[in-house]
Amino acid sequence: MVMTVVVAVLSFVPLLGLMALAALLGFVVEVVQNVRSGERHPLPRWDNLGHKMTSGGSVLVAGIVYNLPLLMLSLCILV
């Protein structure tokens, strides 16, 4: 729980924020995989941060691409 709070606080720093968000999304991906496989304790450890950032980075990019039309529309309305 403490590591999740630290990663959430780091998300306010611009470049570190994207890396922290990718790690947090990677943690969520591992939780979903553990629940799907039926593990008794589905919360993973924060031991392999590079793997979490890699798997969470793809989810982050997919979220940005998915929301790109809404972002462009919002920018057009703002201008």
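**Exercise 1. Find the accessible surface of the chain and the share of it that belongs to carbon and sulfur atoms.**

Step 1. The accessible surface of the chain comes to about 6,100 Å². Accessible areas come from the Shrake-Rupley method with a 1.4 Å probe, and for residues only the protein chains shown count as cover.

Step 2. Carbon and sulfur atoms hold 75% of that surface.

Step 3. A word on the model: it is predicted, so local features need pLDDT of at least 70 and side-chain atom pairs count only at pLDDT 80 or more, while totals for chains, interfaces and linings use all residues. Residues are numbered from 1 along each chain as its sequence is written, and side-chain values use heavy atoms, with hydrogens and water left out.

**Exercise 2. Describe the fold, and work out why the chain is called more spread out than a compact globule.**

Step 1. Look for helices and strands: there are four helices and zero strands. Both are DSSP runs, numbered from the N terminus: helices are H or I with at least four residues, strands are E with at least two.

Step 2. The order along the sequence is α-α-α-α. The radius of gyration is 15 Å, well over the 12 Å that the globule rule gives for 79 residues, so the chain is more spread out than a compact globule. This radius is taken over C-alpha atoms, and the globule rule is 2.2 Å times the number of residues to the power 0.38.

Step 3. Along its principal axes, the C-alpha trace spans about 50 × 25 × 20 Å.

Step 4. Of the 79 residues, 19% count as buried. Buried means under 20% relative accessible area, exposed over 50%, and partly exposed in between (1.4 Å probe, protein chains only).

**Exercise 3. Check the span of H2 and of H3, then say what their buried residues pack against.**

Step 1. The expected span of a helix is 1.5 Å times one less than its number of residues.

Step 2. For the 24 residues of H2 this gives 34 Å, and the end C-alpha atoms are 35 Å apart, which agrees. For the 18 residues of H3 it gives 26 Å, and the end C-alpha atoms are 25 Å apart, which agrees too.

Step 3. In H2, the buried residues include Gly 17, Ala 20, Phe 27 and Glu 30. The buried residues of H2 pack against H1 and H3.

Step 4. In H3, Lys 52, Ser 55, Gly 56 and Leu 60 are buried, and the buried residues of H3 pack against H2.

Step 5. Just after H2 comes Gly 38, whose phi is positive, near 80 degrees.

**Exercise 4. Which residue forms a salt bridge with Lys 52?**

Step 1. Place Lys 52: it is found in helix H3 (residues 49-66). At 1% relative accessibility, Lys 52 counts as buried.

Step 2. List its contacts (heavy atoms within 4.5 Å). Leaving aside neighbours within four places in sequence, Lys 52 touches, among others, Ala 22, Phe 27, Glu 30 and Trp 46.

Step 3. Side chains of opposite charge can pair when their charged atoms come close. A salt bridge is a side-chain nitrogen of Lys or Arg within 4 Å of a carboxyl oxygen of Asp or Glu.

Step 4. The partner is Glu 30, with the closest N and O atoms 3.3 Å apart. Lys 52 lies in helix H3 and Glu 30 in helix H2, so the pair ties together parts that are 22 residues apart in sequence. The structure holds one salt bridge, and both of its residues, Lys 52 and Glu 30, are buried.

**Exercise 5. Is Phe 27 buried or exposed, and which residues does it contact?**

Step 1. Phe 27 lies in helix H2 (residues 14-37).

Step 2. At 12% relative accessibility, Phe 27 counts as buried.

Step 3. Beyond its neighbours within four places in sequence, Phe 27 is in contact with Leu 43, Pro 44, Trp 46 and Lys 52.

**Exercise 6. Compare the distance in sequence and in space for Thr 4 and Leu 24.**

Step 1. Thr 4 sits in helix H1 and is partly exposed, at 24% relative accessibility.

Step 2. Thr 4 and Leu 24 are 20 residues apart in sequence and 7.1 Å apart in space, C-alpha to C-alpha.

Step 3. Leaving aside neighbours within four places in sequence, Thr 4 is in contact with Leu 24 and Trp 46.
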